[in-house]
Amino acid sequence: MSRFSMTWVKICGMTNLEDALAAVEAGADAVGFVFYEKSPRCVSVERAREIVKNLPESVEKVGVFAGDSLARVVEIGSVVGLDSLQVYPLSGPKSISAAAGPDLPKQNRLYFAFPMEKFVSDDHAITLDIMRSPKNTFVAILLDSGGTQQPGGTGLTFDWNEAVSVIAKLNRTEKVVIAGGLTPQNVGGAIDILQPWGVDVVSGVEAQPGKKDAEKVRAFVRAVREIDRRVG
């Protein structure tokens with residue numbers, strides 16, 4: 001699968017309208033809302049709904065979930081008005097198999113997210129097959145540096161050089177999003193090395209957990225577009 005010339009950019013961990021609008025104005029393709037209760041960036045369904053209704057249709061609104069059943073994920077997505085659902089299965093491929101039975105609403109897109117170290121285990125081939133179950137909804141696989149206790153938002157990178165061969169193989173058939181420790185300073189290097197379809201950032205553009213630094217958000221999007229222009 002060839003990578004689009006324009007890298008998909010998601011700014012995640014939104015907790016207020018000001019930050020979400022700053023991401024939109026910076027040129028982000030998507031904004032993310034975390035519904036994982038253990039995250040310092042967890043947002044309530046009510047607050048997320050208020051933010052989403054004040055955002056333009058052009059930006060993709062993504063809900064981030066960890067360990068929830070797909071039925072609950074779909075329910076929250078409907079209430080909030082989300083376009084896409086990003087799911088971290090905490091119990092491995094079997095939990096995905098159980099969750100992937102019902103079809104998602106046509107308006108929802110689905111991203112499956114995994115810690116890089118878990119994905120490269122023996123289960124990853126099974127996992128990819130399972131991701132085909134929700135018909136016409138699967139968009140991309142997201143690879144992060146987190147683990148079971150903290151699925152994302154660690155502020156740490158995984159070893160990009162070690163991951164090159166795995167991601168290169170995935171890029172042939174899948175859209176791949178990379179996350180974990182990305183910043184305005186290093187995202188260009190990550191794209192250059194891994195050639196992903198998209199990038200996802202949280203802590204690298206924050207002033208503090210749950211609060212974005214608007215200049216860092218702008219700098220991150222600029223850095224992505226600069227490398228896009230160079231390699232496009």
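Which residue is the bridge partner of alanine 179 in S8? In this predicted model, the partner is aspartate 200, and the pair offers a convenient way into the structure, one strand at a time.

Alanine 179 belongs to strand S7, which covers residues 176-179. From this strand Val176 and Ile178 point one way, while Val177 and Ala179 point the other way, and all of them are buried. S7 has a neighbour in S8, with which it pairs in the parallel sense over 3 bridges. It is also joined by 3 bridges to strand S6, residues 138-144, and these two strands likewise run parallel. Within S6, leucine 142 stands opposite valine 177 of S7.

Before S8, which spans 198-201, the chain passes through a loop that follows helix H8 (187-194), and glutamine 195 has its place in that loop. Phi of glutamine 195 is near 50°, which is a positive value in a residue other than glycine. With a relative accessibility of 30%, glutamine 195 counts as partly exposed.

A second pair of strands can be read in a similar manner. Strand S3, residues 60-66, is joined to S4 by 5 bridges, and the two run parallel. S4 is made up of residues 84-88, and 5 of its 5 residues are buried. Both of its faces are covered, since Ser84, Gln86 and Tyr88 lie on one side and Leu85 and Val87 on the other.

Serine 84 deserves a longer look. Its relative accessible area is 0%, so it counts as buried, the limit being under 20%. Valine 62 stands opposite serine 84, and the side chain of serine 84 also makes a polar contact, at 2.4 Å, with the side chain of glutamate 60. If residues up to four places away in sequence are not counted, serine 84 touches Glu60, Lys61, Val62, Gly63, Asn108, Arg109 and Tyr111.

From the strands we can turn to a helix. Helix H1 runs over residues 17-26, and in it Asp19, Ala20, Ala22, Ala23 and Ala26 are buried. Seen down the axis of H1, these buried residues fall within an arc of 160°, and therefore they line one face of the helix. The face turned away from this buried side carries the exposed residues Glu18 and Glu25. What covers the buried residues of H1 includes strand S1 (8-11), strand S2 (30-34), helix H2 (45-52), strand S10 (211-212) and helix H9 (214-231).

The two ends of H1 have details of their own. At its start, a side-chain oxygen of asparagine 16 reaches to within 3.3 Å of the backbone nitrogen of glutamate 18. At the other end, H1 is followed by glycine 27, whose phi is positive, near 105°. Alanine 28 is found in the loop that leads from H1 to S2, and at 9% relative accessibility alanine 28 counts as buried. Although alanine 28 and valine 59 are 31 residues apart in sequence, their C-alpha atoms are 7.5 Å apart in space. Valine 59 is also one of the residues that alanine 28 touches, the others being Val9, Ile11, Ala23 and Val221, when residues up to four places away in sequence are left out.

How do such buried residues come together over the whole chain? In soluble globular proteins, nonpolar side chains tend to be buried together. Here the largest nonpolar core has 53 residues, and those with the most contacts inside it are Ile11, Phe33 and Phe220. Helix H9 gives the most to this core, with 6 residues. A second, separate core has 18 residues, including Ala30, Val62, Ala66 and Ala113. Phenylalanine 220, from the largest core, touches Val9, Ile11, Leu182, Thr183, Pro184, Val187, Val199, Val201 and Val205, again not counting residues up to four places away in sequence.

Finally, a few totals place these details in the protein as a whole. There are 9 helices and 10 strands, and of the 232 residues 53% count as buried. Among contacts with a separation of 6 or more, 67% are accounted for by residues 24 or more positions apart. The protein exposes about 10,600 Å², of which carbon and sulfur atoms supply 49%.

Technical notes. Residues are numbered from 1 along each chain as its sequence is written. This is a predicted model: local features need pLDDT of at least 70, side-chain atom pairs count only at pLDDT 80 or more; totals for chains, interfaces and linings use all residues. Side-chain values use heavy atoms; hydrogens and water are left out. Buried means under 20% relative accessible area, exposed over 50%, partly exposed in between (1.4 Å probe, protein chains only). Helices (H or I, at least four residues) and strands (E, at least two) are DSSP runs, numbered from the N terminus. The arc is that of the directions from the helix axis to the C-beta atoms. Contact means heavy atoms within 4.5 Å. A polar contact is a pair of N or O atoms within 3.5 Å; within protein, one must be able to donate a hydrogen and the other to accept it, and residues adjacent in sequence count only if both atoms are side-chain atoms. Accessible areas come from the Shrake-Rupley method with a 1.4 Å probe; for residues, only the protein chains shown count as cover. A nonpolar core is a set of buried Ala, Val, Leu, Ile, Met, Phe, Trp, Tyr and Cys residues joined through side-chain atoms within 4.5 Å. Two strands pair if DSSP finds at least two bridges between them.
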